[in-house]
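Work through these short exercises with the model open. Try each task before reading its solution.

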Amino acid sequence: MMFVMSSPTQVQSAVVDTGKVPGRRRLRFETIDEMMADVDRLVEADRASRLKRLGNWTLGQTLGHSAGWAEFGYTGSPLNPPFFIKWLLRFRKQKFIWEPMRAGVKIPGVKGGTLVTEPMSTDEGLARFRRVMERLKLEPPIHPHNVFGQLTHEEAIAITLRHAELHLSFLVPD
């Protein structure tokens with residue numbers, strides 16, 4: 001598969017099925033600071049044109065997406081899944097919080113399969129990401145998770161780390 005990586009707003013020639021991508025990085029972050037150190041390495045590689053993109057999003061989009069989902073804990077989520085879906089998924093809450101998230105999953109009924117995917121530069125995505133991660137380190141979310149309900153501060157951090165592990169795994173610094 002060929003794709004262009006020269007600018008944050010350029011689009012790949014074909015959409016990648018992210019559930020089947022080989023060569024992704026295996027990541028496990030225990031703290032926000034560990035995650036930020038990895039992000040700093042990716043930003044450095046991106047600025048030096050040494051960042052290999054295995055998925056569909058630029059580094060800026062990836063950071064903006066991860067930040068946007070973390071921000072929902074402070075602004076509220078625009079999604080309100082049906083009660084039955086929430087009920088089913090709550091049985092798997094611990095899995096979502098503590099185990100790696102599966103690649104290629106799409107939210108039914110949501111255009112593109114997820115939210116907060118607009119193109120943005122690495123600098124824009126990084127600024128948004130840093131801002132919300134600094135807040136998350138110090139302050140628990142005030143809004144309940146749209147599926148799992150009210151999370152503890154530790155759970156909110158953990159699910160954010162799992163989400164970042166998933167998306168950052170598609171970006172490989174050379």
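**Exercise 1. Is helix H2 enclosed or open to solvent?**

Task: Decide from the burial of its residues how far H2 is enclosed by the rest of the structure.

Solution. Note that this is a predicted model. Take the cut-off: buried means under 20% relative accessible area. By that rule, 16 of the 17 residues of H2 are buried. H2 is therefore largely enclosed by the rest of the structure.

**Exercise 2. Check the length of H2**

Task: Compare the expected span of H2 with the distance between its end C-alpha atoms.

Solution. Start with the residues: H2 covers 59-75, which is 17 residues. Next, apply the rise of 1.5 Å a residue, counting one less than the number of residues. The expected span is 24 Å. Now take the end C-alpha atoms, which are 23 Å apart. The two values agree.

Then look along the axis. H2 bends by about 25 degrees at Trp 69. Finish at the end of the helix: Gly 76 follows H2 and has a positive phi, near 95 degrees.

**Exercise 3. Two positive phi values outside glycine**

Task: Ser 49 and Val 116 both have positive phi; place each one and say whether it is buried or exposed.

Solution. Take Ser 49 to begin with. Its phi is near 55 degrees, and the residue is not a glycine. Ser 49 sits in the loop between helix H1 (32-47) and strand S1 (51-53). The cut-off for exposed is over 50%. Ser 49 has 69% relative accessibility, so it counts as exposed.

Turn to Val 116. Its phi is about 60 degrees, again positive without being a glycine. Val 116 belongs to the loop between H4 and helix H5 (122-138). At 16% relative accessibility, Val 116 counts as buried.

**Exercise 4. A nonpolar patch**

Task: Which residues make the nonpolar surface patch of about 700 Å², and where does Phe 91 lie?

Solution. List the members: Phe 83, Phe 84, Ile 85, Trp 87, Leu 88 and Phe 91. Locate Phe 91 in the loop between helix H3 (83-90) and helix H4 (93-98). Then classify it: Phe 91 has 63% relative accessibility, so it counts as exposed.

**Exercise 5. A contact from Thr 18**

Task: Which backbone atom lies 3.4 Å from a polar side-chain atom of Thr 18?

Solution. Place the residue: Thr 18 is in the segment before H1. Check its burial: at 18% relative accessibility, Thr 18 counts as buried. Then find the partner, which is the backbone nitrogen of Gly 104.

Key: Residues numbered from 1 in each chain as written. Predicted model: local features only at pLDDT ≥ 70, side-chain atom pairs only at ≥ 80, totals over all residues. Heavy atoms only, no water. Helix = DSSP H or I, 4+ residues; strand = E, 2+ residues; numbered from the N terminus. Bend = angle between axes of the 7 residues up to and from the residue. Buried < 20%, exposed > 50% of the residue type's maximum accessible area, 1.4 Å probe, protein only. Patch = residues over 30% accessible without salt bridge, like charges linked within 9 Å, V, L, I, M, F, W, Y side chains within 5 Å. Areas by Shrake-Rupley, 256 points an atom, 1.4 Å probe, with all protein chains shown as cover. Salt bridge = Lys/Arg side-chain N within 4 Å of Asp/Glu carboxyl O.
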